[in-house]
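Could you walk me through this structure, one selection at a time? I have it open in a viewer and would like to know what to click on next.

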Amino acid sequence: MADISEVWVYLSASPLLFLTLTLAAFQAGTWLYDRSGHKPFLNPVLTAVIVVVGLLTLSGTTYETYFEGAQFVHFLLGPATVALAIPLFRQFDRVRRSALALITSLLCGSLTAIGTAVGLGWLLGASRETLMSLAPKSVTAPVAMGITEQLGGLPSLTAVLVILTGIMGAVLGPPLLTLIGVKDWRARGLALGTASHGIGTARALQVNELAGAFSGLAMGLNALATAILLPILWRLFF
Amino acid sequence: MLTALTLILSCQLAGELITRFLGLPVPGPVAGMVILFALLAIKGGVPEEIGAVADSLLKNLALLFVPAGVGVMAHFGLLGQDWLPISVALVGSTLATIAVTGLVMSRLARASAAEDGDTPNG
C-alpha cells in the first residue's frame, strides 16, 4: 500500500483533484443554501470560496497549483457569457419596449458605481493604486482588468475586488431591492447586472428569466459604459 | 449538443478576434453574445438544441466564478493594508449602485409599460 504522502503528491499534481474540489465545494454550498431556505448570506459562491481557500491554506497549496485544475471550470465563463444571448433573445420584445428607461438607468447606475467606489475609498484614505483597482469593480472581470491596467492600477487586485463585489451584490441585492420596494423584474435584473456583473446575473437567472435577461444585458452595457466613461472621469478628477 | 457547443465556441472565438483587431473596449465573450444574438435574430428563433445547452450552462453560472474567487487568497497582503477603505467602498458602492439603478428603472419602466411588472418572490 502506498504511503499517504505519495498519494497526495500524485493527486495534487493532477488537475483532477482541484477540479473535483471546486465542484464538491460548490455542491456543498448549494446544499447548504437550499437547506437554509435560501438565506442570502449562504450564497453558494461565497461558501465554496471559503471552503476551498480554507482547504488550500491548511494543505499549504498555492493558488497557482489550484488554478491548474480549476481553470477548466474558469474557462466556461466565456461560453456562458455567449450563451446569455439566449435569454436575451427570448425576452427581447420586453427589452426593446423599455430601451430608453434601460439606457437612462444604466448610465445612472454606472456613474454611481464609479463615483461611490472611488469617493468612499478616497475619503477613507485608500492608496492611489487601490483607488485605481477599485474604480471598475462593478464591471465583468476581463474588462475591469483592462481598464485598471490602462489607469495604472493592479489588474489582479481588480479581479479579486470584482468577484467580491459580485458576491456582495448577489447576497445583499435582492433583500435591498425588496426593502426599497423595487418589484419590477426588469428593474431588479438591471440593478443586479449593473452593480454585480455575472455573479449578480447568475443570481437573477435563478429567480426569473426576465430578470436574468435584463441583468445579462446590463452586465454587457455597463462594461462598455465604464470602459468609455472611467478614463475620462479619472482625467477630470485626478 | 456538439453542434450547439461548436456554435457557442465559434461565436466566442469570432468575438475575441473582432475585439482584438478593432481594439474595442469590450471583452470577446460579450461581443460573442452579440454575434450569437444576431444569428438567432436571422434564424428567427432559438433551435431546441442550442436552447438546451445554453440553459444548462447558465443554470450553473455561479459555479464558474469559484476559481476566480479563490484568487482572493493570493491578495490577502494587499487587501490587509487597505482593508477599511476597500470594505467600506465595496459594500457602500454596491448597495448605492443597486438602489439607484433599481429605483430609476422601476420609476421609468412603470411609465413605459406597466403590464410587465410581475411580482417577485425571491
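## A walk through the salt bridges and the interface

Start by selecting B:Glu16, which is partly exposed, with a relative accessible area of 25%. Bear in mind on this tour that the model is predicted.

**Stop 1: a pair within one helix.** Keep B:Glu16 selected and add B:Arg20: the two form a salt bridge, and their closest N and O atoms are 3.8 Å apart. Both sit in helix α1 of chain B, four residues apart, so about one helical turn separates them. Unlike its partly exposed partner, B:Arg20 is exposed, at a relative accessible area of 67%.

**Stop 2: a pair within chain A.** Now select A:Arg90 and A:Glu209. They form a salt bridge too, with 3.0 Å between the closest N and O atoms. A:Glu209 belongs to helix α13 (residues 209-237) of chain A and A:Arg90 to helix α6 (residues 85-90) of chain A, so this pair ties together parts 119 residues apart in sequence. How exposed is A:Glu209? A:Glu209 is partly exposed, at 29% relative accessible area. A:Arg90 is partly exposed as well, at 37%.

**Stop 3: across to the other chain.** Leave A:Arg90 on screen and add B:Asp55. Here is another salt bridge, its closest N and O atoms 3.3 Å apart. Because A:Arg90 lies in helix α6 of chain A and B:Asp55 in helix α3 of chain B, this pair joins two chains. B:Asp55 is partly exposed, with a relative accessible area of 33%. Show the three residues together and you have a network of salt bridges linking A:Arg90, A:Glu209 and B:Asp55. Over all chains, the count of salt bridges comes to five.

**Stop 4: the whole interface.** Next, colour the two chains separately and look at where they meet. How many salt bridges are there between chain B and chain A? The count is one, and you have just visited it: B:Asp55 with A:Arg90. There are also ten residue pairs in polar contact across this interface. On the chain B side, the elements giving two or more residues are α1 (2-22), α2 (28-43), α3 (48-59), α4 (66-70), α5 (76-81) and α6 (83-112). Select α6(B) to see the largest share, 25 residues. By class, the side of chain B that touches chain A has 52 nonpolar, 20 polar and five charged residues.

Zoom out for the totals: 77 residues of chain B are in contact with 100 residues of chain A. The size of an interface is often given as the accessible area lost when the parts come together. Between chain B and chain A the buried area is about 7800 Å², and carbon and sulfur atoms give 81% of it.

**Stop 5: a loop in chain A.** Select A:Ala13, in the loop between α1 (4-12) and α2 (15-35) of chain A. Is A:Ala13 buried or exposed? A:Ala13 is exposed, with a relative accessible area of 61%. Add A:Leu123 and draw a line from C-alpha to C-alpha: the two are 46 Å apart in space and 110 residues apart in sequence.

**Last stop: confidence.** Colour chain B by pLDDT. Its mean is 88, and 91% of its residues reach 70 or more. Among the elements of chain B, α1(B) has the highest mean, 95, and α5(B) the lowest, 85. Then select residues 114-119 of chain B, where pLDDT is below 50; this stretch has 14 contacts in the model beyond near neighbours in sequence. For the model, the scores are ipTM 0.87 and pTM 0.84.

Key. Residues are numbered from 1 along each chain as its sequence is written. Chains are lettered from A and ligands numbered from 1 in the order in which they are written. This is a predicted model: local features need pLDDT of at least 70, side-chain atom pairs count only at pLDDT 80 or more; totals for chains, interfaces and linings use all residues. Side-chain values use heavy atoms; hydrogens and water are left out. Contact means heavy atoms within 4.5 Å. Buried area is the accessible area (1.4 Å probe) that two parts lose on being put together, summed over both. A salt bridge is a side-chain nitrogen of Lys or Arg within 4 Å of a carboxyl oxygen of Asp or Glu. A polar contact is a pair of N or O atoms within 3.5 Å; within protein, one must be able to donate a hydrogen and the other to accept it, and residues adjacent in sequence count only if both atoms are side-chain atoms. Ala, Val, Leu, Ile, Met, Phe, Trp, Tyr, Cys and Pro count as nonpolar, Asp, Glu, Lys and Arg as charged, and the others, Gly among them, as polar. Buried means under 20% relative accessible area, exposed over 50%, partly exposed in between (1.4 Å probe, protein chains only). pLDDT is the predictor's confidence in each residue, from 0 to 100.
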